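Reader: I am new to this structure, and I would like to understand how the words used to describe it are earned. Could you take me through it step by step?

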Amino acid sequence: MISILLSCYNSNFEYLKELIDSIIRQTEPNWELLVYNDGSTDIKSFVEKYNDNRIKYFDEGHIGGGKAYNYLLKKAQNEYVCICNHDDIWVDDKLAIEKGFLDNHPEVDCVFGFLHWFGEKEKIETFEMSDEEISKELPFWQPIKNPSTMFRKSKFEDIDSPMSHAADFWVWSKHWDKHYHLIPFVLVHYRRHAGELTKDKTKMREQSAQIIQRNMANFGLNFTLDTCKALDRFSKTYDKALKEFVQQNIKELK
């Protein structure tokens, strides 16, 4: 079986229905959906209407997204774990594709795929990246598409993040040394809309610089925030030559 984690905060019920319906349509039927109410009115009655014993509800009060997902991870009964957002839609064979790959590649700790953006912005994210390149780049930016991931619970025992706008980057870069693999297919339809936290680009870049600073400190490099902003490929002050120099001089990344 597969454990699917979902934290709901001010969730739009129309979007939430589309997500849960897409999970129920999965060609891989052996899953549990763990739903945490982190601050959504009437979410319990909404979930109970599904009358599906694979869907389990939790509510310990508002604790924030990172802690909510970490709470659900502790409750997960299975080795394979997925994270989802209330406003996304999964392709019908997402679970089957990812489970099949992990079953056949025990050396891989986490897989992820492409996103199809829809709503306010329409595009498909595609790129090529080897397993080695993913771990090499993770201390500096976030190539892993969080809503598309499936990972082994035994390898990621902590997915909490203090960051509100760069939570994904905090979690995956903390675990840069795990074995990641990109499955080159669209696995999730990712909704773009006005309520997204990621729309605040200034806050995103500030928090990304703080995470890069933490990552560099873990390699014994004490950089200022301005230097860390120059290591962020999405920052206006990005210095590609500096980043490549730092990469070459971090022994652990070789």
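Author: Let us begin with a pair of strands, keeping in mind that this is a predicted model. Strand E1 (residues 2-8) and strand E2 run parallel and are joined by 7 bridges.

Reader: What makes E1 and E2 a pair?

Author: Two strands pair if at least two bridges are found between them, and E1 and E2 have 7 bridges, so by that definition they are paired. Within this pairing, Leu-6 stands opposite Val-35 in E2.

Reader: Which helix does the chain pass through from E1 to E2, and what is the hand of the crossover?

Author: Between E1 and E2 the chain passes through helix H1 (residues 13-24), and this β-α-β crossover is right-handed. The term right-handed applies because, with the strands pointing away from the viewer, the path from the first strand over the helix to the second runs clockwise.

Reader: Which strand does E2 pair with over 4 bridges, and in which sense?

Author: That partner is strand E3 (residues 55-58), which pairs with E2 in the parallel sense over 4 bridges, and here Leu-34 stands opposite Lys-56 in E3. Together E2, helix H2 (residues 43-48) and E3 make a right-handed β-α-β unit.

Reader: Why is strand E2 called largely enclosed?

Author: The reason lies in its residues: 7 of the 7 residues of E2 (residues 31-37) are buried, so the strand is largely enclosed by the rest of the structure. Trp-31, Leu-33, Val-35 and Asn-37 point one way, while Glu-32, Leu-34 and Tyr-36 point the other way, and all of them are buried. In a regular strand the side chains alternate between the two faces of the sheet.

Reader: Asp-42 is in the loop between E2 and H2; why does it count as exposed?

Author: Exposed means over 50% relative accessible area, and Asp-42 has 53% relative accessibility, so it counts as exposed. Asp-42 also has a positive phi of about 65°, although it is not a glycine.

Reader: How do you know that Asn-51 is exposed?

Author: With a relative accessible area of 73%, set against the cut-off of over 50%, Asn-51 is exposed. Asn-51 has its place in the loop between H2 and E3, and although it is not a glycine, it has a positive phi of about 50°.

Reader: Why does Asn-146 count as buried?

Author: Buried means under 20% relative accessible area, and because Asn-146 has 11% relative accessibility, it counts as buried. Asn-146 is placed in the loop between helix H5 (131-137) and strand E8 (150-152), and, leaving aside neighbours within four places in sequence, it is in contact with Ile-83, Asp-168 and Trp-172.

Reader: What makes the approach of the Asn-146 and Trp-172 side chains a polar contact?

Author: A polar contact needs a pair of N or O atoms within 3.5 Å, one able to donate a hydrogen and the other to accept it; the side chains of Asn-146 and Trp-172 are joined by such a contact of 2.8 Å. A polar contact of 3.3 Å also joins the side chains of Asn-146 and Asp-168.

Reader: Which residues of helix H6 are buried, and what do they pack against?

Author: In H6 (residues 167-174) the buried residues are Phe-169, Trp-170, Val-171, Trp-172 and Ser-173. The buried residues of H6 pack against strand E6 (110-119), E8, strand E9 (180-192) and H7.

Reader: Why is Phe-223 called partly exposed?

Author: Partly exposed covers the range between the cut-offs of 20% and 50%, and Phe-223, at 23% relative accessibility, therefore counts as partly exposed. Phe-223 lies in the loop between helix H7 (201-218) and helix H8 (225-230). Not counting residues up to four places away in sequence, Phe-223 touches Gln-213, Met-216, Cys-228, Leu-231 and Val-246.

Reader: How do you know that the radius of gyration of the protein chain agrees with that of a compact globule?

Author: A compact globule of 254 residues would have a radius of gyration near 18 Å, and the protein chain has 18 Å, so the two agree. Buried residues make up 54% of the 254 residues in the protein chain, whose secondary structure comes to 9 helices and 9 strands.

Key:
Residues are numbered from 1 along each chain as its sequence is written. This is a predicted model: local features need pLDDT of at least 70, side-chain atom pairs count only at pLDDT 80 or more; totals for chains, interfaces and linings use all residues. Side-chain values use heavy atoms; hydrogens and water are left out. Helices (H or I, at least four residues) and strands (E, at least two) are DSSP runs, numbered from the N terminus. Buried means under 20% relative accessible area, exposed over 50%, partly exposed in between (1.4 Å probe, protein chains only). Contact means heavy atoms within 4.5 Å. The radius of gyration is taken over C-alpha atoms; the globule rule is 2.2 Å times the number of residues to the power 0.38.
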